[in-house]
Amino acid sequence: MRVLGIESSCDETAAALVESPLRVLASVVASQIGLHRRHGGVVPELAARSHVEALGPLLESLWDGGVSDWDGVDAVAVTQGPGLASSLLPGLAAGRALADRLGVPLYGVHHMEGHLLSLFLSPGIPDPASLCPVLVLLVTGGHTALVRLSAPGQYEVLGRSIDDAAGEALDKGARLLGLPYPGGPEIERIAEDGRDGSLRFPLGLPTGEEALRRGGPFAFSFSGLKTALRNHLLREPGLPRADVARAYQEAVMQTLLRRAAEALRSDGGFRALACVGGVARNRKLREGLESVAKEAGVPLVTTPFEYCTDNAAMIAAVPLLRPLAPHVGFPEPDPNPSLQGATLR
Ligand code: KG4
Ligand code: ZN
């Protein structure tokens, strides 16, 4: 079975062909970072037009390596949400048109489920039945959560951010520091030259009743951190930017690591720790998670670097890993920006 995946939820247009047992045959991503950079963030109208322009040539380019052709496609999977409505629409329309033309089923996929299951794209990984239950730290630009993955399709959110996501905190922090979008890799880059210990930012570990009700027992909160950075820059503008970036990154990563360690300790049943999403590219976070996993005596699984940020291989992987009801009828599935009613929110 070979699934063609399409992803266009935000500022990356992506297509991929994935087969079962899980193997990526081709994966292409057209990034719009250059387009949005001068605006300091994603501009929805520019993103939508760019998806429309990029999708056709990108889909054709899947066959450049000669791995397959249109006749080798058994199903189409396309991101249905969450995301920007105007970005989701071109991908959904392309998916609908292709599925009709090829006479194959069409699956609408939850973007976050794609990120979660991207951990199974690691080469040589055991099959889900022997790896689960896994504690997954899901860290993207819009979401931060600790999820118990009992099997593909069975997820329980143990903790989530009650305000900004970790990636968002890095993107907003970078902006305050005068660094370009996206901020995570920029902060990581300049923090390399920073010194430890010149300042410290508060961790985002809320304990109040209301926070725990909204965010679960392992709730995160990153909006105070951003405010602390703003206040610091007003109070002490003279400190080297690399030192400030290093301390800021440290606070974000330590927050994630503390909660992941607590969640692992709280339940002896996890067989592995995993990290997925764009922020999983961060070296400090990966190193920290290695220690957390080692201490708990479980292996750490990280998504391959190229499948951490948005891609279509993770979208195509979803219907290959679990049964999913195909979309029937016309028109294409509605874009669902907040994907209400899905198993994972
Ligand atoms: O998963 P993703 O591509 O998109 C969403 O679904 O949101 O994640 C993008 C996020 C951005 O916030 C970006 O700053 C962050 O991932 N990111 C990083 C790194 N590379 C990307 N954060 C920290 N360190 C990195 N190396
Ligand atoms: Zn994403």
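This tour goes through a predicted model one selection at a time.

Residues are numbered from 1 along each chain as its sequence is written, and chains are lettered from A and ligands numbered from 1 in the order in which they are written. Local features need pLDDT of at least 70, side-chain atom pairs count only at pLDDT 80 or more, and totals for chains, interfaces and linings use all residues, while side-chain values use heavy atoms, with hydrogens and water left out.

**First sheet**

Select β1 through β5. These 5 strands form an open sheet in the order β3-β2-β1-β4-β5, with mixed pairing. Strands here are DSSP runs of E with at least two residues, helices are runs of H or I with at least four, and both are numbered from the N terminus. Two strands pair if DSSP finds at least two bridges between them. β3 (23-31) and β5 are at the edges with a single partner strand each, so one side of each has no neighbour in the sheet. From one strand to the next the twist averages 20°. For angles in this tour, axes are lines fitted to C-alpha atoms, for helices over the stretch in contact, and angles run from 0 to 180 degrees between N-to-C directions.

Now keep β1 (residues 2-7). Of its 6 residues, 5 are buried, so the strand is largely enclosed by the rest of the structure. Buried means under 20% relative accessible area, exposed means over 50%, and partly exposed is in between, with a 1.4 Å probe and protein chains only.

Add β2 (residues 12-19), which pairs with β1 in the antiparallel sense over 6 bridges. A hairpin of 4 residues joins β1 to β2. To check the register, pick I6: its bridge partner in β2 is A15.

Then add β4 (residues 75-81), which pairs with β1 in the parallel sense over 4 bridges. Here V3 stands opposite A75 in β4.

Next is β5: 5 bridges join β4 to β5, and the two run parallel. V78 has G108 as its bridge partner in β5.

Pick H110, which lies in strand β5 (residues 106-110). Is H110 buried or exposed? H110 is buried, with a relative accessible area of 9%. For a distance check, use G72: H110 and G72 are 38 residues apart in sequence and 24 Å apart in space, C-alpha to C-alpha.

**Helices across the first sheet**

Show helix α3 (residues 85-102). α3 lies across β1, β4 and β5, running at about 160° to β4. Contact means heavy atoms within 4.5 Å.

Show helix α12 (residues 313-321). α12 lies across β1, β2, β3, β4 and β5, running at about 135° to β1.

**A serine in α2**

Select S50, in helix α2 (residues 44-61). At 17% relative accessibility, S50 counts as buried. What does S50 touch, not counting residues up to four places away in sequence? The residues touched are Q32 and L35.

**Two cis bonds**

Most peptide bonds are trans. Two exceptions follow.

Go to C132 and P133: the peptide bond from C132 to P133 is cis, with omega near 0°. P133 lies in the loop between α5 (128-131) and β6 (134-139).

Go on to Y181 and P182, where the peptide bond is also cis, with omega near -5°. P182 lies in the loop between α6 (166-176) and α7.

**A helix pair**

Select helix α7 (residues 183-191) and helix α10 (residues 241-266). They pack at an angle of about 120°, with their axes 8 Å apart. α7 and α10 are therefore oblique to each other. Angles under 35 degrees count as roughly parallel, over 145 as roughly antiparallel, 65 to 115 as roughly perpendicular and the rest as oblique.

Show side chains at the contact: I187, E188, I190 and A191 in α7 meet R241, A242, A245, R246, Y248 and Q249 in α10. The residues of this contact divide into 6 nonpolar, 1 polar and 3 charged. Ala, Val, Leu, Ile, Met, Phe, Trp, Tyr, Cys and Pro count as nonpolar, Asp, Glu, Lys and Arg as charged, and the others, Gly among them, as polar.

**Second sheet**

Finish with β6 through β10. These 5 strands form an open sheet in the order β8-β7-β6-β9-β10, with mixed pairing. The edge strands, β8 (154-160) and β10 (300-302), each pair on one side only. The twist averages 25° from one strand to the next.

Zoom in on β9 (residues 272-276): 3 bridges join β9 to β10, and the two run parallel. The bridge partner of A274 in β10 is V301.
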